[in-house]
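Visitor: I would like a close look at one part of this structure, a helix and what packs around it. Please take it slowly and keep to what the model shows.

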Amino acid sequence: MNTLIKYLLLGSMLLTPFVGAKSIAIVGAKVHTMSSQGTVDNATVLIKDGKIQKVMQGEVALAGYEIIDAKGKVVTPGLIGASTSLGLVDVGFSAGTNDSNSSLTSISATGAAFDVSYAINPDSSLMAIARIEGVTSAATSMGRTGQLFNGQGALITLGDTSTPLIQARAFISTRVGNGGADTIGGSRSVLWVSLEKALAEAKFAVGKSLSPRDEWHGELSRTDIVALIPLVKGEIPLLVDARRAADIRQVIALKQRHSQLNIVITYATEGWRVAKELADNNIPVILNPEANLPSSFDQLGATLKNAGRLADAGVQVSIGMETHNIRLARQHAGNAVANGLIWEQGLAALTINVAKLYGIDDTLGSLEAGKIADVVIWSGDPLEVTEAAEMVLIAGEPVKMQSRQSKLRDRYLKLQTDKPMQYVRP
């Protein structure tokens with residue numbers, strides 16, 4: 001898709017929920033804007049029509065604004081789930097179809113054509129669980145297809161809306177470690193040849209007509225090729241699950257062979273061993289910074305210092321690889337800070353860095369004029385587990401701070417002794 005058209009579509013999709021939104025002034029808080037404005041003490045954040053209007057120091061008398069007193073609180077942009085399957089799965093082992101997984105199918109020879117935007121369920125219970133913990137948007141994709149690629153992922157909002165899609169076909173993901181090799185031929189020797197072949201065929205097809213009336217003699221299906229063309233043109237990122245240093249070096253070499261590719265490495269468990277090479281080749285990472293044990297041959301060099309060492313080398317670090325517990329991403333970032341990551345980098349890893357790697361930093365990830373008003377008011381330091389989100393605004397609208405878990409908690413706080421609780425309606 002033409003880049004200009006893509007951003008026009010993105011803008012129109014993001015604008016739709018703002019009609020009739022309130023004008024809100026959040027006053028008195030310490031605001032981490034995650035922009036060049038930095039941190040502003042005793043700030044006022046103005047929100048109008050679902051967007052940030054201004055962040056300024058001091059309290060200002062404002063007519064026509066609903067005032068939210070946030071004295072003593074901390075305000076940040078909404079957190080962005082960097083790598084999830086939100087909206088695709090509720091209970092992995094039951095509860096019907098798990099849309100984050102698939103079986104082999106003749107529709108796509110590589111899995112590249114699979115499109116999760118058709119499967120997103122805004123009523124998933126996991127949405128509210130993540131939302132009340134400050135996660136306001138996320139990247140979501142399939143976790144397993146049994147093929148070379150895990151399909152085309154999407155960007156979604158966690159707002160209380162029936163249309164959560166921000167951007168469909170926003171990225172494609174693959175695996176080149178043990179899991180990927182086991183799936184593709186049982187060996188990296190097969191996997192890497194398969195990956196290169198798919199990319200080469202897609203590059204060959206750029207600019208060619210792929211209509212059903214035209215002949216196509218490639219080994220990949222037309223649907224695969226259509227999905228891969230934006231990837232090989234660098235218009236969407238390729239997320240590559242690579243954990244051991246040897247695999248990460250192969251990904252770096254892939255980037256050097258195909259300089260137009262927009263590559264992001266996920267997990268990068270031994271990334272600290274090749275941190276300078278990653279920085280030199282401008283390859284960002286999405287980490288699970290909790291990995292600290294050699295639980296497999298893919299991560300013999302796991303360490304809690306991984307995030308800090310990568311950031312020190314100049315690598316752009318994002319944090320947030322979960323689905324059911326993406327709310328713990330801020331705790332993971334806090335642990336990374338405790339092990340060498342600078343605090344500001346820890347918060348950036350949950351917000352602006354994620355927005356940058358998906359190319360949506362012009363609309364999300366920081367509190368700047370004109371950006372979407374995804375805002376969280378925290379009781380204190382968001383990277384401390386003893387603090388919590390007290391108010392969450394998505395597109396300028398306060399969300400209900402309630403989830404299935406909080407309802408269950410509230411239900412059983414006060415037991416009725418005259419009959420079992422299963423006989424009492426919530």
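Guide: A residue is called buried here when its relative accessible area is under 20%. The model is predicted, and the part to look at is helix α4, residues 188-205.

Begin with its length. The 18 residues of α4 should span 26 Å at 1.5 Å a residue, and its end C-alpha atoms are indeed 26 Å apart, so the expected and computed spans agree. At the N-terminal end, S187 acts as a cap, with a side-chain oxygen 3.0 Å from the backbone nitrogen of S189. After the helix comes G207, which has a positive phi, near 85°.

Next, the buried positions. In α4 these are L191, W192, L195, A198, L199, E201, A202 and A205. The elements covering them include strands β8 (149-157) and β9 (165-175), along with helices α3 (178-183), α5 (222-232) and α6 (245-257).

One of those covering helices, α6, can be examined in the same way. It has 13 residues and reaches 18 Å from first C-alpha to last, close to the 18 Å expected at 1.5 Å a residue. Its buried residues are A245, D247, I248, V251, I252, A253, L254 and K255. Among the elements that cover them are α4, β10 (238-242), β11 (263-267) and α7 (275-280). The covering therefore runs both ways: α6 is listed over the buried residues of α4, and α4 over the buried residues of α6, with buried meaning under 20% relative accessible area.

Now the wider setting. In soluble globular proteins, nonpolar side chains tend to be buried together. The largest nonpolar core in this model has 78 residues, and F149, L228, I265, L278 and V285 touch the most other members. Helix α4 gives this core its largest share, 7 residues. At least three core residues come from each of domain 1 (2-76 + 389-410) and domain 2 (79-364).

L228 shows how α4 is reached from elsewhere in the chain. Leaving out residues up to four places away in sequence, L228 touches A112, F149, I172, A198, A202 and L220. Of these, A198 and A202 are among the buried residues of α4, while F149 is another of the core members that touch the most others.

A second core, separate from this one, has 19 residues and includes I80, F171, L357 and I360.

Terms used:
Residues numbered from 1 in each chain as written. Predicted model: local features only at pLDDT ≥ 70, side-chain atom pairs only at ≥ 80, totals over all residues. Heavy atoms only, no water. Core = buried A, V, L, I, M, F, W, Y, C linked by side-chain atoms within 4.5 Å. Buried < 20%, exposed > 50% of the residue type's maximum accessible area, 1.4 Å probe, protein only. Helix = DSSP H or I, 4+ residues; strand = E, 2+ residues; numbered from the N terminus. Domains from an automatic or database assignment. Contact = heavy atoms within 4.5 Å. Expected span 1.5 Å × (residues − 1). Polar contact = N/O pair within 3.5 Å; in protein donor to acceptor, adjacent residues only side chain to side chain.
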